[in-house]
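Work through the exercises below with the model open, attempting each task before reading its solution.

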Amino acid sequence: MQAHQDYIAANRQRFLDELFELLRIPSVSADPQYKADVLRTADAVKAKLEAAGATNVELCPTDGYPVVYGEKIIDPAKPTVLVYGHYDVQPADPIDLWTTPPFEPVIRTTPIHPEGAIFARGSCDDKGQFYMHVKALEVMLNTNTLPCNVKFMIEGEEEVGSANLGAFLQKNKEKLKADVILISDTSIIANDTPSIDVGLRGLSYMEVEVVGPNRDLHSGVYGGAVANPINVLCKMIASLHDENKHITIPGFYDDVVELSAEEREEMSRAPFNLDEYKKDLAIDDIMGEAGYSTIERTGIRPTCDVNGIWGGYTGEGAKTVLPSKAYAKISMRLVPNQSSEKISKLFDAHFNSIAPKGVKVKVSYHHGGEPVVVSTNSNAYRAASRAMETTYGKKPIPTRGGGSIPIVALFKSVLGLDSVLFGFGLDSDALHSPNEHYGVFNYLKGIETIPQFYQFYTGAKQ
Ligand code: BES
Ligand code: MN
Ligand code: MN
């Protein structure tokens, strides 16, 4: 719409400056050291929602970080869109791999972002993406084009598993009443190839401890005669996959929904360039489960990955030691209809069962989330698809995202609401990695596209 484009063009610099203000606050939810900053970010989001024209803006306490709520109700008889996002970010480590400091946003061009990209932790995940919705509200209010009601729910614990959000939904069912959830926290295929995620993977995140002798030992005096917990842990981890990269935990695949040949054929039509993929990651080959393509491996197949492993001596130089303990953080990405709780239990039982004599194993559970699939046969999906088609000039391709957003399954089970995963980032934007960035093009395109969703959306009825 021309009025929207004019308003965005006239306010372009301010829209960027405001996002930069949010990006300067290090809202790392995983690290208690940043507690004051996370809380400061919640205050800043509240102020920005108010400035954009939202009413009843408040910080809703939870047992963890607060949820920022705000709304614009134009007519209770009209449909209501509930926007979800998160103001917390991943830790910036390893900090020395950042070209510029993670919380001092700057715009630089890249081959993929010739118009410039905003480099900062949280620029794409998710400050830059949820803030597009705040600015889209401003655009619609200032051009008198808001056709329905909007509610905002921006949380501060997504990156640590949203543990307190289920209870928040239970307690606030009335306040959160809506027709659909709208979320920008996923990716599109490319800036000239729009797509909409219609699936997210679930997650089971475990930590394991392998304990051998009661103290670190001289590796010459005892080495060869006593189980080394790190050697043992490595062997146990290696045994979790067979030679075809199938996961060996008994029962792991029991509930996995296999796609039909037609569904797989349709998935394979999404553009994917293996050479570019390898080049982007500087790898000479890919690796994954036999019998599945890369898109399938990340979209419709479950995984089991070590996120971190430690123990023994890792300092400067060499210390000869047979360690007493070894640890690993292991996560499994889940697909429909796997259950996070069931898979965690299977993992626990299996990991204990494969431990050799001479060590003790302790398995604990960090957090999890359930997988989701989103129907393309809804008014909300069609509105999102038409919105992107309008602003990109191409119909978006439905895709399956490999990441997880634990709250999406709870929106369905607790509030009975479907979500639209209306993401605008790119997988290559280095989310969770050093040098995370978000294209200026993507940010502004999102602000232009979101109001189109509201124009096309006609409510929950099919
Ligand atoms: N925004 C991501 C999830 C995502 C990214 C989905 C790209 C699809 C495409 C989200 O912030 C995230 O990182 N989620 C975590 C889940 C968690 C910490 C429980 C994840 O997927 O690791
Ligand atoms: Mn996110
Ligand atoms: Mn994330």
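**Exercise 1.** Determine which backbone and side-chain atoms make polar contacts with ligand 1, and how much of the ligand the protein buries.

Solution. Start at serine 404, where a polar backbone atom lies 2.8 Å from a nitrogen atom of ligand 1, within the limit for a polar contact (a pair of N or O atoms within 3.5 Å). Next, turn to the side chains: a polar atom of arginine 333 is 2.7 Å from an oxygen atom of ligand 1, and an N or O atom of glutamate 159 is 3.1 Å from an oxygen atom of the ligand. Finally, ligand 1 taken alone exposes 520 Å², of which the protein buries 91% (accessible areas by the Shrake-Rupley method with a 1.4 Å probe). This is a predicted model, in which local features need pLDDT of at least 70 and side-chain atom pairs pLDDT 80 or more, whereas totals for chains, interfaces and linings use all residues. Side-chain values use heavy atoms, without hydrogens and water, residues are numbered from 1 along each chain as its sequence is written, and chains are lettered from A and ligands numbered from 1 in the order written.

**Exercise 2.** Identify the protein donors of the manganese ion (ligand 3) and what links it to ligand 2.

Solution. First, list the protein donors (N, O and S atoms within 2.8 Å of the metal, or 3.2 Å for Na, K and Ca; water is not among the atoms, so sites may look incomplete): Asp125 (OD), Glu159 (OE) twice and His432 (NE2), at 2.1 to 2.6 Å. Then read their spacing along the chain, D-x33-E-x272-H. Lastly, the manganese ions, ligand 3 and ligand 2, are 3.6 Å apart, and aspartate 125 coordinates both.

Definitions and conventions: Polar contact = N/O pair within 3.5 Å; in protein donor to acceptor, adjacent residues only side chain to side chain.
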